[in-house]
Amino acid sequence: GVLGGFAAKNSPSHDFNAPTRTTKVAREIPTEVPWYRSRFFQMIISGFLPFSAIYIELHYIFASMWGHQIYTLFGILLFAFI
């Protein structure tokens, strides 16, 4: 990784030829974004999804230990894998 970056930086450079045809037309960057692309919503979802996955997993484990229930999440994961 780092050594390859140093080697590429210090190697004699040739002109870059892009593999596609590019244009020099300026394009407008959209200023309005949908509500689900807002920073606040992304922060809420990025915290909620891992928390809910961990909470559900711990709920199943504790229910199987103290609730005398069979731990069936491995079966669910096998079913999802198939």
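On the surface of this structure, F40, M43, I44, I45, F48 and L49 form a nonpolar patch of about 630 Å². The model is a predicted one. One member of the patch, L49, belongs to helix α2, which covers residues 39-66.

Aromatic rings form a second topic. Rings count as a pair if their centres lie within 6.5 Å, and the count by this rule comes to three aromatic pairs. Among them is the pair of W35 and Y36, whose ring centres are 5.7 Å apart with planes at 90 degrees, so this pair is edge-to-face. Another pair joins F51 and Y55: the ring centres lie 6.3 Å apart and the planes stand at 20 degrees, so these rings are stacked. F51 and Y55 are four residues apart in helix α2, and therefore about one helical turn separates them. Ring pairs also link W35, Y36 and F41 into a cluster.

The table gives the accessibility of several residues named in this report.

| Residue | Relative accessible area | Class |
|---|---|---|
| W35 | 61% | exposed |
| Y36 | 42% | partly exposed |
| F51 | 55% | exposed |
| Y55 | 53% | exposed |
| I82 | 79% | exposed |

The class follows from cut-offs: a residue is exposed over 50% relative accessible area and buried under 20%, while partly exposed lies in between. Y36 has 42%, and therefore counts as partly exposed.

The last residue in the table, I82, lies in the segment after α3 (73-81). I82 and E57 are 25 residues apart in sequence, and their C-alpha atoms are 20 Å apart in space.

How values were computed:
Residues numbered from 1 in each chain as written. Predicted model: local features only at pLDDT ≥ 70, side-chain atom pairs only at ≥ 80, totals over all residues. Heavy atoms only, no water. Patch = residues over 30% accessible without salt bridge, like charges linked within 9 Å, V, L, I, M, F, W, Y side chains within 5 Å. Areas by Shrake-Rupley, 256 points an atom, 1.4 Å probe, with all protein chains shown as cover. Salt bridge = Lys/Arg side-chain N within 4 Å of Asp/Glu carboxyl O. Helix = DSSP H or I, 4+ residues; strand = E, 2+ residues; numbered from the N terminus. Buried < 20%, exposed > 50% of the residue type's maximum accessible area, 1.4 Å probe, protein only. Phe/Tyr/Trp six-rings, centres within 6.5 Å; stacked < 30°, edge-to-face > 60°.
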